[in-house]
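I opened this one to see how the strands, rings and cysteines fit together. My notes follow in the order I looked things up.

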Amino acid sequence: QVQLVESGGGLVQAGGSLRLSCAASGRTFSGYVMGWFRQAPGKERDVVTAIGWSGGNTYYSDSVKGRFTISRDNAKNTVYLQMNSLKPEDTAVYYCAAARLKYSIISSYVAPGAYDYWGQGTQVTVSS
């Protein structure tokens, strides 16, 4: 069992930055692929980014590529999402998720169904 707790959400103006954190407890954190998803009202939960167990492999959705950066610190059992140049359309609840190793390439970890554990979510609101 893995417990995930997100933090760092809030209200920010367009063009601003936020850094989300996801602290994990339970089983060995380094053995999991970690992902960030987001869900806006009335929309599906979509992948934002994912990172392999070593941090060497990453995936970004086209909508955030070049603006968001995912990283992980396995010694601290924490994954981060640095969000820069935020836009109003980035407004959503952001979820951290952990997946046991199932696939060989990071881009396979884009569907919510690939993940085994989820955090409770943190709200990010970007005002125009």
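These entries go through a sheet, a disulfide, the aromatic rings, and then a loop and a hairpin.

**Entry 1: the model.** Before anything else, I note that this is a predicted model.

**Entry 2: the four-stranded sheet.** I looked up the strand order first. An open sheet of 4 strands runs β1-β3-β8-β7, and the pairing is antiparallel. Which strands stand at the edges? They are β1 (2-7) and β7 (68-73); each has a single partner strand, so one side of each is left without a neighbour in the sheet. From one strand to the next, the twist averages 15°.

I then checked one pairing in detail. β1 and β3 (residues 18-26) are antiparallel partners over 6 bridges. For a register marker I took Ser7, which stands opposite Ser21 in β3.

**Entry 3: the disulfide.** How many disulfides does the structure hold? I found 1. The partners are Cys22 and Cys96, with their sulfur atoms 2.1 Å apart. The angle about the S-S bond is -80°, and the link of Cys22 and Cys96 is left-handed. Cys22 lies in strand β3 and Cys96 in strand β9 (residues 92-100), so the pair ties together parts that are 74 residues apart in sequence. Are these two cysteines buried or exposed? Both Cys22 and Cys96 are buried.

**Entry 4: aromatic rings.** I counted ring pairs next and got 7 aromatic pairs. I went through two of them. A pair of rings is described by the distance of the centres and the angle of the planes, so those are the values I wrote down.

The rings of Tyr95 and Trp118 have centres 6.5 Å apart and planes at 80°, which makes the pair edge-to-face, because planes over 60 degrees apart count as such. Tyr95 is in strand β9 and Trp118 in strand β10 (residues 117-118), so this pair ties together parts that are 23 residues apart in sequence. The accessibility of the two partners: Tyr95 is buried, with a relative accessible area of 13%, while Trp118 counts as partly exposed at 28%.

The other pair is Tyr103 with Tyr109. Their ring centres are 5.3 Å apart and their planes are at 70°, so I logged the pair as edge-to-face. Tyr103 is partly exposed at 42% relative accessibility, and Tyr109 is buried at 1%.

Which residues form one aromatic cluster? My list reads Phe37, Tyr95, Tyr103, Tyr109, Tyr115 and Trp118.

**Entry 5: charges over rings.** Tyr95 came up again here: the charged end of Arg45 sits over the Tyr95 ring, 3.6 Å from its centre. I also noted Arg72, which lies over the face of Phe29 at 4.5 Å from the ring centre.

**Entry 6: around Phe29.** That sent me to Phe29 itself. Where is Phe29 placed? Phe29 is in the loop between β3 and β4. Phe29 is buried, with a relative accessible area of 4%. Leaving aside neighbours within four places in sequence, I found Phe29 in contact with Ala24, Met34, Arg72, Asp73, Asn74, Asn77, Thr78 and Val79. I took a C-alpha to C-alpha distance for one of these contacts: Phe29 and Asp73 are 9.5 Å apart in space and 44 residues apart in sequence.

**Entry 7: β4 and its partners.** I moved on to β4 (32-39). This strand is mostly covered, with 7 of its 8 residues buried. β4 pairs with β9 in the antiparallel sense over 8 bridges, and Tyr32 stands opposite Arg100 in β9. β4 also runs antiparallel to β5, joined by 5 bridges. There, Arg38 has Asp46 in β5 as its bridge partner.

**Entry 8: the hairpin.** The last stop was the hairpin of β4 and β5, which has 6 residues between the strands. Gly42 takes a positive phi near 80° in this hairpin. Pro41 is found in the loop between β4 and β5 (46-51). Is Pro41 buried or exposed? Pro41 is exposed, at 75% relative accessible area. I also checked Pro41 against Val124: from C-alpha to C-alpha they are 12 Å apart in space, with their positions 83 residues apart in sequence counted as separation.

Conventions. Residues are numbered from 1 along each chain as its sequence is written. This is a predicted model: local features need pLDDT of at least 70, side-chain atom pairs count only at pLDDT 80 or more; totals for chains, interfaces and linings use all residues. Side-chain values use heavy atoms; hydrogens and water are left out. Two strands pair if DSSP finds at least two bridges between them. Helices (H or I, at least four residues) and strands (E, at least two) are DSSP runs, numbered from the N terminus. Axes are lines fitted to C-alpha atoms, for helices over the stretch in contact, and angles run from 0 to 180 degrees between N-to-C directions. A disulfide is a pair of cysteine sulfur atoms within 2.5 Å. Buried means under 20% relative accessible area, exposed over 50%, partly exposed in between (1.4 Å probe, protein chains only). Rings of Phe, Tyr and Trp (its six-membered ring) pair if their centres lie within 6.5 Å; planes under 30 degrees apart count as stacked, over 60 as edge-to-face and the rest as tilted. A charge sits over a ring if NZ of Lys or CZ of Arg is within 6 Å of the ring centre and within 35 degrees of the ring normal. Contact means heavy atoms within 4.5 Å.
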